Amino acid sequence: MSNAKSASANSRLDQILAEARQHREAREKTYREQALKLYPWICGRCGREFGGARVRELTVHHKDHNHDNNPPDGSNWELLCIYCHDNEHQRQLEADTHTGSASGSSAVPAATHHPFAGLKDMLKQKK
């Protein structure tokens with residue numbers, strides 16, 4: 001009986017995830033198409049130009065990192081190549097981790113080890 005409930009719950013979860021993916025893809029298509037119409041097909045970081053089939057390598061980066069903030073004037077977007085886009089998000093993750101901000105859930109703890117703590121005493125003993 002619990003297997004049937006588990007299968008039903010998994011089926012419902014799969015359905016929810018599929019719907020979420022469809023909504024995300026539809027939303028991305030809309031703002032991506034708008035951004036490609038608004039901006040030249042040039043990466044905003046490295047300056048590489050894209051055209052033809054290579055335009056698929058351009059991604060829309062949300063400056064405020066909120067994918068639901070899609071103003072029609074494109075003021076929250078910039079076109080970045082896939083490499084610069086990945087780099088931008090990695091830098092943001094590292095900054096959040098090192099500053100201990102709310103979006104970085106695993107902040108790096110402060111160092112507590114003092115490797116030279118007893119060095120002065122050790123040097124005195126050798127004299």
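Helices (H or I, at least four residues) and strands (E, at least two) are DSSP runs, numbered from the N terminus. With that in hand, let's walk through the model.

This is a predicted model, in which local features need pLDDT of at least 70 and side-chain atom pairs count only at pLDDT 80 or more, while totals for chains, interfaces and linings use all residues. Residues are numbered from 1 along each chain as its sequence is written, and side-chain values use heavy atoms, with hydrogens and water left out.

**Stop one: the loop between β1 and β2**

Select Asn76, which sits in the loop joining β1 (58-62) to β2 (77-81). Is Asn76 buried or exposed? Its relative accessibility is 6%, so Asn76 counts as buried; here buried means under 20% relative accessible area, exposed over 50%, and partly exposed in between (1.4 Å probe, protein chains only).

Now show what surrounds Asn76. Setting aside neighbours within four places in sequence, Asn76 is in contact with His61, His62, Lys63, Asp64, Asn66, Asn69 and Pro71, where contact means heavy atoms within 4.5 Å. Draw a distance to Asn69 as well: a polar atom of the Asn76 side chain lies 2.9 Å from the backbone oxygen of Asn69.

Stay in the loop between β1 and β2 and pick His65. Phi of His65 is near 65°, a positive value in a residue other than glycine. For background, most residues other than glycine have a negative phi. His65 counts as partly exposed, at 30% relative accessibility.

**Stop two: the nonpolar core**

Next, select Cys43, Leu58, Val60 and Leu79. Of the 13 residues in the largest nonpolar core, these four touch the most other members. A nonpolar core is a set of buried Ala, Val, Leu, Ile, Met, Phe, Trp, Tyr and Cys residues joined through side-chain atoms within 4.5 Å. Which elements give two or more residues to this core? They are α1, β1 and β2, and the largest share, 4 residues, comes from β2. As a rule, nonpolar side chains in soluble globular proteins tend to be buried together.

Centre the view on Val60. Not counting residues up to four places away in sequence, Val60 touches Tyr31, Arg32, Ala35, Trp77, Glu78, Leu79 and His85. Then add Glu33, found in helix α1 (residues 2-38). The C-alpha atoms of Glu33 and Val60 are separated by 9.5 Å, with these positions 27 residues apart along the chain. Glu33 is partly exposed, with a relative accessible area of 47%.

**Stop three: the salt bridges**

How many salt bridges does a search of the whole structure find? The search finds 5, taking a salt bridge as a side-chain nitrogen of Lys or Arg within 4 Å of a carboxyl oxygen of Asp or Glu.

Begin with Glu57, which counts as buried at 18% relative accessibility. The Glu57 side chain meets that of Arg48 in a salt bridge (3.7 Å, N to O) and that of Arg54 in another (3.9 Å, N to O). Arg48 is partly exposed, with a relative accessible area of 33%; Arg54 is partly exposed at 36%.

Finish at Arg91 and Glu88, a salt bridge whose closest N and O atoms are 2.9 Å apart. Both lie in helix α2 (residues 82-99), and because Arg91 and Glu88 are 3 residues apart there, about one helical turn separates them. Glu88 counts as buried, at 11% relative accessibility. Add Arg45 and Glu78 to the selection: salt bridges that share partners join Arg45, Glu78, Glu88 and Arg91 into one network.

Methods: Polar contact = N/O pair within 3.5 Å; in protein donor to acceptor, adjacent residues only side chain to side chain.
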